[in-house]
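Me: I have a protein model open and I would like to learn how to read it. Could you take me through some features, one at a time?

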Amino acid sequence: SRPHSSTLTTEGLGIRFGAFQAVGDVSLTLEPGARQALIGPNGAGKTTLINLLTGVYRPTSGRIYLDGQDITELRCDQRARLGLVRTFQINTLFPSLTPLESVVLAICEREGLGACWWKPVKRLTHVHDEAHAILRRLRLDALAEVRVDTLAYGKQRLLEIALAMAARPRILLLDEPAAGVPQGESSELFEVVAELPAEIGVLFIEHDMNLVFRFAQRISVLVAGQMLMEGTAAEVGADARVREVYLGK
Ligand code: ADP
């Protein structure tokens with residue numbers, strides 16, 4: 001496994017779509033091993049910022065640094081190899097595979113082994129051991145060998161995180177990991193996220209403020225494409241500007 005955790009920072013990061021400045025001048029810091037929430041009203045630019053961080057979009061201004069290395073010009077796959085990983089979306093899961101096969105496939109992809117998952121198990125013991133360990137961590141071990149399309153929605157969302165874990169992230173970016181997951185299950189999903197290895201930093205978008213304040217030590221508040229503030233959960237919760245944005249007073 002990777003020897004250390006990583007710091008992600010941006011300086012003056014922004015993107016315009018035509019004349020529209022979706023994200024402007026954002027300076028963000030994700031400390032090693034942080035559990036940090038990215039919050040803000042609809043349309044604030046949260047998803048766009050995640051897309052900038054992972055390399056889906058090229059910024060029109062500013063820089064992105066991973067452990068001080070400028071990664072602004074790197075492609076998504078190059079960033080992923082450095083440990084900056086986002087979750088797969090559910091519609092990229094293979095419905096007819098099992099969670100175990102899916103994670104094995106993702107590990108093989110990381111290792112550049114091609115379509116190795118069908119090879120005799122005894123030749124891939126270490127891959128299977130790692131896959132089982134990841135599924136245990138995501139509390140999916142009891143479901144390791146059922147078809148993915150028979151999994152409840154919340155379990156499929158956990159599998160997305162399992163697949164991201166197969167890439168050996170130092171930083172995980174989660175865009176509304178609990179979206180669509182029933183109330184009771186969303187806090188379990190965040191418990192699992194909170195218990196990921198301490199060296200993995202997690203930046204997550206979440207709308208439910210109860211979950212945000214329960215699971216984030218630090219919070220970045222994006223409003224109209226600008227970083228309104230970044231601080232501890234206590235600092236953000238007590239900030240008059242944040243209260244104004246969220247409570248209208
Ligand atoms: P959030 O995730 O905070 O709800 P988004 O990042 O999805 O906000 O969107 C921020 C703004 O940028 C929205 O007004 C959205 O319409 C706009 N936007 C996002 N992506 C594009 C795009 N590819 N082209 C044009 N406008 C976009």
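Me: Let's begin with helices. At roughly what angle do the axes of helix 5 and helix 6 cross, and within what distance do they come?

Reply: Good place to begin! Keep in mind that this is a predicted model. Two packed helices are described by the angle between their axes and by the distance between those axes. Here, the axes of helix 5 and helix 6 (residues 183–194) cross at roughly 15 degrees and come within 10 Å. Angles under 35 degrees count as roughly parallel, so helix 5 is roughly parallel to helix 6. The crossing of helix 5 past helix 6 is right-handed.

Me: Which residues make the contact of helix 5 with helix 6?

Reply: From helix 5 come Gly154, Lys155, Arg157, Leu158 and Ile161, and from helix 6 come Glu185, Glu188, Leu189, Val192 and Val193. Sorted by class, this contact of helix 5 with helix 6 has five nonpolar, one polar and four charged residues.

Me: What about helix 3 and helix 5: at roughly what angle do their axes cross?

Reply: The axes of helix 3 (residues 99–110) and helix 5 cross at roughly 25 degrees and come within 8 Å. That makes helix 3 roughly parallel to helix 5. Helix 3 passes helix 5 in a right-handed crossing. On the helix 3 side you will find Pro99, Ser102, Val103 and Ala106, which meet Leu159, Ala162 and Leu163 of helix 5. In this contact of helix 3 with helix 5, six residues are nonpolar, one is polar and none is charged.

Me: And at what angle do helix 4 and helix 5 pack?

Reply: Helix 4 (residues 125–137) and helix 5 (residues 153–165) pack at an angle of about 140 degrees, and their axes are 10 Å apart. Roughly antiparallel would need an angle over 145 degrees, so helix 4 and helix 5 count as oblique to each other. Helix 4 passes helix 5 in a right-handed crossing. Ile134, Leu135 and Arg137 of helix 4 make the contact with Leu159, Ala162 and Met165 of helix 5. The residues of this contact of helix 4 with helix 5 are five nonpolar, no polar and one charged.

Me: Now burial. How many of the nine residues of helix 1 are buried?

Reply: A residue counts as buried when its relative accessible area is under 20%. In helix 1 (residues 46–54), eight of the nine residues are buried, so helix 1 is largely enclosed by the rest of the structure. The buried residues of helix 1 are Lys46, Thr48, Leu49, Ile50, Asn51, Leu52, Leu53 and Thr54.

Me: Can we look at one strand residue too? Is Leu222 buried or exposed?

Reply: Leu222 lies in strand 10 (residues 218–223), and it counts as buried because its relative accessibility is 0%. Setting aside neighbours within four places in sequence, Leu222 is in contact with several residues, among them Val26, Ile39, Lys46, Leu49 and Met227. You can also compare sequence and space: Leu222 and Val242 are 20 residues apart in sequence, and their C-alpha atoms are 9.8 Å apart.

Me: I have heard of phi. Which sign does phi of Asp25 have?

Reply: Most residues other than glycine have a negative phi. Asp25 has a positive phi, near 60 degrees. Asp25 is in strand 2 (residues 20–26), and at 54% relative accessibility Asp25 counts as exposed. Arg168 has a positive phi as well, near 55 degrees. You will find Arg168 in the loop between helix 5 and strand 8 (171–175), where Arg168 is partly exposed, with a relative accessible area of 29%. A glycine case is Gly55, which follows helix 1 and has a positive phi near 95 degrees.

Me: Last one: into which domains is the chain divided?

Reply: Domain 1 covers 1–83 + 171–249, and domain 2 covers 97–168. Taken over C-alpha atoms, the centres of domain 1 and domain 2 are separated by 26 Å. To read how they meet, look at contacts: 22 residues of domain 1 are in contact with 13 residues of domain 2.

Definitions and conventions:
Residues are numbered from 1 along each chain as its sequence is written. This is a predicted model: local features need pLDDT of at least 70, side-chain atom pairs count only at pLDDT 80 or more; totals for chains, interfaces and linings use all residues. Side-chain values use heavy atoms; hydrogens and water are left out. Helices (H or I, at least four residues) and strands (E, at least two) are DSSP runs, numbered from the N terminus. Buried means under 20% relative accessible area, exposed over 50%, partly exposed in between (1.4 Å probe, protein chains only). Contact means heavy atoms within 4.5 Å. Axes are lines fitted to C-alpha atoms, for helices over the stretch in contact, and angles run from 0 to 180 degrees between N-to-C directions. Angles under 35 degrees count as roughly parallel, over 145 as roughly antiparallel, 65 to 115 as roughly perpendicular and the rest as oblique. A crossing is left-handed if the near helix is turned anticlockwise from the far one by less than a right angle, and right-handed if clockwise. Ala, Val, Leu, Ile, Met, Phe, Trp, Tyr, Cys and Pro count as nonpolar, Asp, Glu, Lys and Arg as charged, and the others, Gly among them, as polar. Domain bounds come from an automatic or database domain assignment.
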